[in-house]
Amino acid sequence: MNDRPASGKVVAARRLPWDSPGMRIRAVMMNDLTALTELFQAIELAEIGRAGTSEADIRQILITPELDLERRSRVYEKDGDIVGFAALHPAPHADQLRAHLGVSPVAPGFLADALLRQIEVWAHKQTAAAGRERESVTLFQMPQALATPSLQDHGWCVVRRYSRLIIDLNGERPSLPHIPAGTEIRIAACDDDRRRLHAVLEEALSGHWNHHRRTFEEFWADQQQRDGHDPSLWWIAEVGGTPAAGLIARSQPDRGWIAWLGTEQRYRGRGLARCLLLTAFAELKARGHHMVGVDVDSANDTNATGVYKAAGMRVLGQADQWQRDISISGGSVEPLKVR
C-alpha cells in the first residue's frame, strides 16, 4: 500500500494541452447506459483481456439515490463517442464519498488527470457544504489499471481489494444441505422479522473494518431505494427460535444479486450461510434469473469468499479500492481547463 500524503490537500493543477475540437463535456444521462457499458467493457478488455461489466452494473451507479447526475457527473465525448466518465456521491455511511472513474484506452493520456481533478473539485465542495474539515473519497479500479499512474500522482492509494463472484444457475450446483433439527430458514415476511434480520446483520458485521452501524429506519430507507429491492427476498435463519443469520438478495433486471449475508459469531460453522445462499439461488432461478453475483472483501476475516465458493460460486474478477482524503484547509480547488 502506498503512503497517503500527510497534508491531504488537493494536488496542484498541471498545465495540460488540449487541441481536440471534437471534444464535448456534459452531465450524464440515463440514455448513456449502453455507451457507458461499452466504455467500461473496452477498459476491461485493455486491462485484463475480457469484459465483465454489464448494463446492470452501470445502471446501479446511475440510479444511486445519492447521485445528482446533473451536478456530480460528467462524460467526455470525442466525436460523439464517450471516452471518459466521472461521478461522485455520498457513500452509504457518513464521512465518506464514493467516486466512479472510467477512461477509454484510446483517450488522450491526460484525460485521467482532468477527470480526477473534477472529482477532487466536487469532493472539496461537498465536504465544505457538509461543514466538515476532511472526508475520504473512494473509487474502484481493476488491478494494474491504466489510470494507476494518474491516481498515484493525485495522492490516491489502494486500501482494499474486492472479489466479484458469480454462479451460473443453469449449471450444476451443490444440493441443499440437511437442516439440523431446531433450525428454520424462512422469509422475513413482516416488519418485526425485518427488524430481527437487521439486528442479526449488524451483529454479524460489527467487526468488519468498513461497517458503520445504522438504525433499522436508516437501513430500511436505504434498501427501499436500491435497484431490485424486494422484501420477499429477505431470509432469516433461526436456531431454537433465535435469529442467527440473515440474507438479503435483489432481483435486478439482468441478474440476481446477494446484497447482504451474515451469521452471528456464536452460530458460525453450522452451514447457515451456505443454506441461505442456496435457498436464495433456488428462488432467483425460479424467477427466471440465470446468474447471481456478489462483491466480497478479499481480506474478510470470516472467510466469506470460502463460504460463497462452498455454495458453488466462482471468482469472476477483482477490483482495488482506492482512497483519497480531501481537506478543505487548502482552500478552493479549480478544475483543469479543457478547451
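Helices α6 (residues 191–204) and α7 (residues 216–224) pack against each other at an angle of about 100 degrees, their axes 10 Å apart. That puts α6 roughly perpendicular to α7, because angles of 65 to 115 degrees count as such. On the α6 side, the contact is made by Asp-191, Arg-194, Arg-195, His-198 and Leu-201; α7 brings in Phe-216, Glu-217, Phe-219 and Trp-220. Sort the residues of this contact by character and you get four nonpolar, one polar and four charged. Bear in mind that all of this comes from a predicted model.

Now for the whole chain. Its secondary structure comes to nine helices and twelve strands. Of the 339 residues, 51% count as buried. Look at the contacts between residues at least 6 apart in sequence, and 73% of them join residues at least 24 apart.

The twelve strands form an open sheet with mixed pairing. Reading across, the order goes β1-β2-β3-β4-β5-β12-β6-β11-β10-β9-β8-β7. Which strands stand at the edges? They are β1 (23–26) and β7 (183–187), and each has a single partner strand, so one side of each is left without a neighbour in the sheet. On average, neighbouring strands are turned by 20 degrees against each other, ignoring direction.

Some of the pairings are worth a look one by one. Here are three of them, each with one bridge pair picked out:

| Strand pair | Sense | Bridges | A bridge pair |
|---|---|---|---|
| β3 (residues 81–90) and β4 (residues 96–103) | antiparallel | seven bridges | His-89 with Arg-98 of β4 |
| β5 (residues 134–141) and β12 | antiparallel | eight bridges | Gln-141 with Asp-320 of β12 |
| β6 and β12 | antiparallel | nine bridges | Cys-157 with Gln-323 of β12 |

Strand β12 (residues 314–327) turns up twice there, and in the strand order it sits between β5 and β6. With β5 it shares eight bridges, and with β6 it shares nine. Is β12 mostly covered or mostly open? Mostly covered: ten of its 14 residues are buried.

Then there are the helices lying on the sheet. Helix α2 (residues 55–62) lies across β3, β4, β6 (157–168), β9 (242–252) and β10 (255–263), and runs at about 65 degrees to β10. Helix α6, the one we started with, packs on the sheet too, touching β7, β8 (234–239), β9 and β10. The direction of α6 makes about 100 degrees with that of β9.

How many of the eight residues of α2 are buried? Six of them, which leaves this helix mostly covered. The buried ones are Ala-56, Asp-57, Ile-58, Gln-60, Ile-61 and Leu-62.

Finally, a word on confidence. The chain averages a pLDDT of 86, and 86% of the residues score at least 70. Confidence is lowest in β1, with a mean of 88, and highest in β8, at 97. Outside those elements, the pLDDT over residues 1–19 is below 50, although this stretch has 45 contacts in the model beyond near neighbours in sequence. Residues 334–339 also stay under 50, and the model gives them 16 contacts beyond four places in sequence.

Definitions and conventions: Residues numbered from 1 in each chain as written. Predicted model: local features only at pLDDT ≥ 70, side-chain atom pairs only at ≥ 80, totals over all residues. Heavy atoms only, no water. Pairing = 2+ DSSP bridges. Helix = DSSP H or I, 4+ residues; strand = E, 2+ residues; numbered from the N terminus. Axes fitted to C-alpha atoms, helices over the stretch in contact; angles between N-to-C directions. Contact = heavy atoms within 4.5 Å. pLDDT = per-residue confidence, 0-100. Parallel < 35°, antiparallel > 145°, perpendicular 65-115°, else oblique. Nonpolar A, V, L, I, M, F, W, Y, C, P; charged D, E, K, R; others polar. Buried < 20%, exposed > 50% of the residue type's maximum accessible area, 1.4 Å probe, protein only.
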